[in-house]
Amino acid sequence: MNKRELIEKALEAKTHAYTPYSHFQVGAALMTGKGRVYQGCNIENAAYSPTVCAERSAFFKAVYEGEREFRAIAVTGSPEGESGGFAYPCGVCRQVMMEFCDPEKFLVIVARSPEDYEEYLLKELLPAGFGPKNLKA
Ligand code: THU
């Protein structure tokens, strides 16, 4: 699957968002080391803080299924009723990426459409991040 197709999966995932409070919908498509794709959307909550972002819902689905190696994630977001926009991963989601991904290699694709996107390495979005390697002597 190429970048364009991964972005299309993120755009499709956005249609699953549950956003009765912010009315801001986000979709993510996470590609594993073997090329399998897990989609995620934001799922909000009346108590607000239990809300989960699209990126984390994709990661948690994949990790539950046993996946531990990831290549890239495409993310798109916009107010309800609008087409895709640039939605940059929040700090908590960047930290979850840091847990499972090599910051020198993992690609974050922030997309408005399959033709209009930006890409970053995780190390650019989370410089000097703290990860599992920091806990080893
Ligand atoms: N949101 C995401 O799903 N991903 C992000 O990277 C940024 C924010 C969601 C959380 C909440 O449901 C809505 O967008 C507004 O913050």
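Author: A polar contact is a pair of N or O atoms within 3.5 Å, and this cut-off is applied here to a predicted model.

Reader: What makes the pairing of the ligand with Ala-54 a polar contact?

Author: An oxygen atom of the ligand is 2.9 Å from a polar backbone atom of Ala-54, and because the cut-off is 3.5 Å, the pair counts as a polar contact. The backbone of Tyr-88 offers a polar atom at 3.3 Å from a ligand oxygen, and a backbone N or O atom of Cys-90 lies 3.2 Å from an oxygen atom of the ligand. Taken alone the ligand exposes 370 Å², of which the protein buries 78%.

Reader: Which elements give two or more residues to the shell around the ligand?

Author: They are strand E1 (24-32) and helix H2 (54-64), and the space that the ligand takes is the second largest pocket. The residues of the shell divide into seven nonpolar, three polar and two charged, with Phe-24, Val-26 and Glu-55 among the residues around the ligand.

Reader: Why is the pair of Lys-3 and Glu-119 called a salt bridge?

Author: The closest N and O atoms of Lys-3 and Glu-119 are 2.9 Å apart, and a salt bridge asks for a side-chain nitrogen of Lys or Arg within 4 Å of a carboxyl oxygen of Asp or Glu, so the pair qualifies. Side chains of opposite charge can pair when their charged atoms come close.

Reader: What does the pair of Lys-3 and Glu-119 tie together?

Author: Lys-3 lies in helix H1 (residues 3-14) and Glu-119 in strand E5 (residues 116-121), so the salt bridge ties together parts that are 116 residues apart in sequence. By the same rule, the count comes to five salt bridges.

Methods: Residues are numbered from 1 along each chain as its sequence is written. This is a predicted model: local features need pLDDT of at least 70, side-chain atom pairs count only at pLDDT 80 or more; totals for chains, interfaces and linings use all residues. Side-chain values use heavy atoms; hydrogens and water are left out. A residue is near a molecule or strand if one of its heavy atoms lies within 4 Å of it. A polar contact is a pair of N or O atoms within 3.5 Å; within protein, one must be able to donate a hydrogen and the other to accept it, and residues adjacent in sequence count only if both atoms are side-chain atoms. Accessible areas come from the Shrake-Rupley method with a 1.4 Å probe; for residues, only the protein chains shown count as cover. On a 1 Å grid over the protein atoms alone, a cavity is a set of points where a 1.4 Å probe fits but cannot get out, and a pocket is an open set with protein on both sides within 12 Å along at least five of seven lines; lining residues have an atom within 4 Å of a point. A molecule sits in a cavity or pocket if more than half of its atoms lie within 2 Å of its grid points. Helices (H or I, at least four residues) and strands (E, at least two) are DSSP runs, numbered from the N terminus. Ala, Val, Leu, Ile, Met, Phe, Trp, Tyr, Cys and Pro count as nonpolar, Asp, Glu, Lys and Arg as charged, and the others, Gly among them, as polar.
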